[in-house]
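Here are my comments on the model, as promised, set out as numbered points. I hope they are handy to have beside you as you look through the coordinates.

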Amino acid sequence: KEPMDWGKLYEGFEKQKAGVAPAEEISADLLSALPEEKATTVFSEAISTTFLQLNQRYIATGIKSGLMVTDQHRAHIRILFEEYLKAMKQRKGISQQLLFPEILELSPEDNITFSQIKNELYFAGFDIEPFGKNTYAINGIPSSLESSDCVKILQEIIAASKEKTADITTELHQNIALSLAKATATPYGKTLSPEEMEHLINRLFACENYNYTPDGKTIFSVIGNEEIEKRV
């Protein structure tokens with residue numbers, strides 16, 4: 001028997017999955033507004049507490065209907081996205097102070113946008129104060145963000161905030177939450193312990209929408225028992 005190529009099997013199942021459009025066909029503007037699919041509680045039927053990491057990218061575990069394969073990076077993006085959204089809505093962002101402030105220099109146009117979103121950034125965990133014309137000192141950042149990334153992340157948030165819909169506050173929160181989640185999520189290539197994998201999966205299935213990332217990418221797929229039997 002030929003060894004099973006989990007990567008190809010996962011890709012094939014994802015492409016054939018009925019009712020799910022390819023990620024590139026789902027507009028990023030939808031963010032978390034995609035319909036929630038609560039009818040299928042996949043994780044509740046888990047029959048194994050053993051988690052296996054594949055290629056430092058996927059987390060696999062057995063369920064009654066087959067094998068569940070989860071993208072570790074996408075799962076963490078969804079988790080963090082909802083946590084950042086909750087913090088901003090409740091105005092309880094947790095900040096960590098920097099030993100040496102980072103300097104953010106903006107163009108006049110970007111400075112106008114920044115002035116419109118600075119309060120929301122504060123609620124996300126940023127501590128920023130004026131440091132000259134169109135220049136700011138970043139004294140504190142969200143607790144999960146690395147200081148080396150903060151200037152780049154703020155520039156990305158400002159750029160994304162220039163395009164607004166009628167519901168400005170909601171879209172602004174989503175833009176900030178998504179940028180922060182992508183910057184702080186567990187990267188591909190990182191080895192996870194069994195405890196870390198289990199914790200990640202548990203947190204994922206506690207999310208309001210555990211099926212997709214905020215920009216519409218599938219987080220996990222189930223490879224059915226029949227498909228596995230064909231390959232083994």
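1. Glu83 is partly exposed in this predicted model, with a relative accessible area of 40%. Its partner is Arg203, and the two form a salt bridge in which the closest N and O atoms are 2.9 Å apart. This pair links distant parts of the chain, since Arg203 belongs to helix α6 and Glu83 to helix α2, 120 residues apart. Arg203 also counts as partly exposed, because its relative accessibility is 23% and the buried class ends at 20%.

2. How many salt bridges does a search of the whole structure find? The search gives 5, and two others are worth a look beside the one above. In one of them, the side chains of Glu82 and Arg78 meet at 3.0 Å, N to O. Both residues sit in helix α2 (residues 72-90), 4 residues apart, or about one turn of the helix. As a reminder, an α-helix has 3.6 residues a turn, so residues three or four places apart point the same way. Glu82 is buried, and Arg78 is buried too.

3. Arg74 and Asp71 make another salt bridge, with 3.6 Å between the closest N and O atoms. Are these two residues buried or exposed? Arg74 is buried at a relative accessible area of 18%; that value falls in the buried class because the class covers anything under 20%. Asp71 is buried as well, with a relative accessible area of 1%.

4. Now for the other side of the α2–α6 link. In α6, the residues Met197, Leu200, Ile201 and Leu204 are buried. Viewed down the axis of α6, its buried residues fall within an arc of 95°, so they line one face of the helix. What do these buried residues pack against? Their contacts are with β1, β2, β3 and α2.

5. Of those strands, β2 (residues 58-63) deserves its own point. Here 6 of the 6 residues are buried, so the strand is largely enclosed by the rest of the structure. In a regular strand the side chains alternate between the two faces of the sheet. Both faces of β2 are covered: on one side Tyr58, Ala60 and Gly62 are buried, and on the other Ile59, Thr61 and Ile63 are buried.

6. The partners of β2 are easy to trace. With strand β1 (residues 52-54) it pairs in the antiparallel sense over 3 bridges, and Ala60 of β2 is the bridge partner of Leu52. These two strands form a hairpin with 3 residues between them, and Asn55 in the turn has a positive phi of about 55°. You may like to check that residue on your own Ramachandran plot. Strand β3 (residues 66-71) pairs with β2 over 6 bridges, also in the antiparallel sense, and there Thr70 is the bridge partner of Ile59. A hairpin through 2 residues joins β2 to β3.

7. Next, the aromatic rings. The count for the structure comes to 5 aromatic pairs. In one of them, the rings of Phe205 and Phe220 have centres 5.4 Å apart and planes at 50°, so the pair is tilted. Phe205 lies in the loop between α6 and β7, whereas Phe220 is in strand β7, so the pair ties together parts that are 15 residues apart in sequence. Both Phe205 and Phe220 are buried.

8. Which residue joins those two in one aromatic cluster? The cluster is made up of Phe205, Tyr210 and Phe220. Tyr210 and Phe220 form a tilted pair, 6.4 Å centre to centre with 35° between the planes. Tyr210 counts as buried because its relative accessibility is 4%, and Phe220 is buried at 4% as well.

9. A last point on that loop: Thr213 lies in the stretch between α6 (194-204) and β7 (220-224). Thr213 is buried, with a relative accessible area of 1%. Its side chain is joined to that of Asp215 by a polar contact of 2.6 Å.

Definitions and conventions: Residues are numbered from 1 along each chain as its sequence is written. This is a predicted model: local features need pLDDT of at least 70, side-chain atom pairs count only at pLDDT 80 or more; totals for chains, interfaces and linings use all residues. Side-chain values use heavy atoms; hydrogens and water are left out. Buried means under 20% relative accessible area, exposed over 50%, partly exposed in between (1.4 Å probe, protein chains only). A polar contact is a pair of N or O atoms within 3.5 Å; within protein, one must be able to donate a hydrogen and the other to accept it, and residues adjacent in sequence count only if both atoms are side-chain atoms. Two strands pair if DSSP finds at least two bridges between them. A salt bridge is a side-chain nitrogen of Lys or Arg within 4 Å of a carboxyl oxygen of Asp or Glu. The arc is that of the directions from the helix axis to the C-beta atoms. Contact means heavy atoms within 4.5 Å. Rings of Phe, Tyr and Trp (its six-membered ring) pair if their centres lie within 6.5 Å; planes under 30 degrees apart count as stacked, over 60 as edge-to-face and the rest as tilted.
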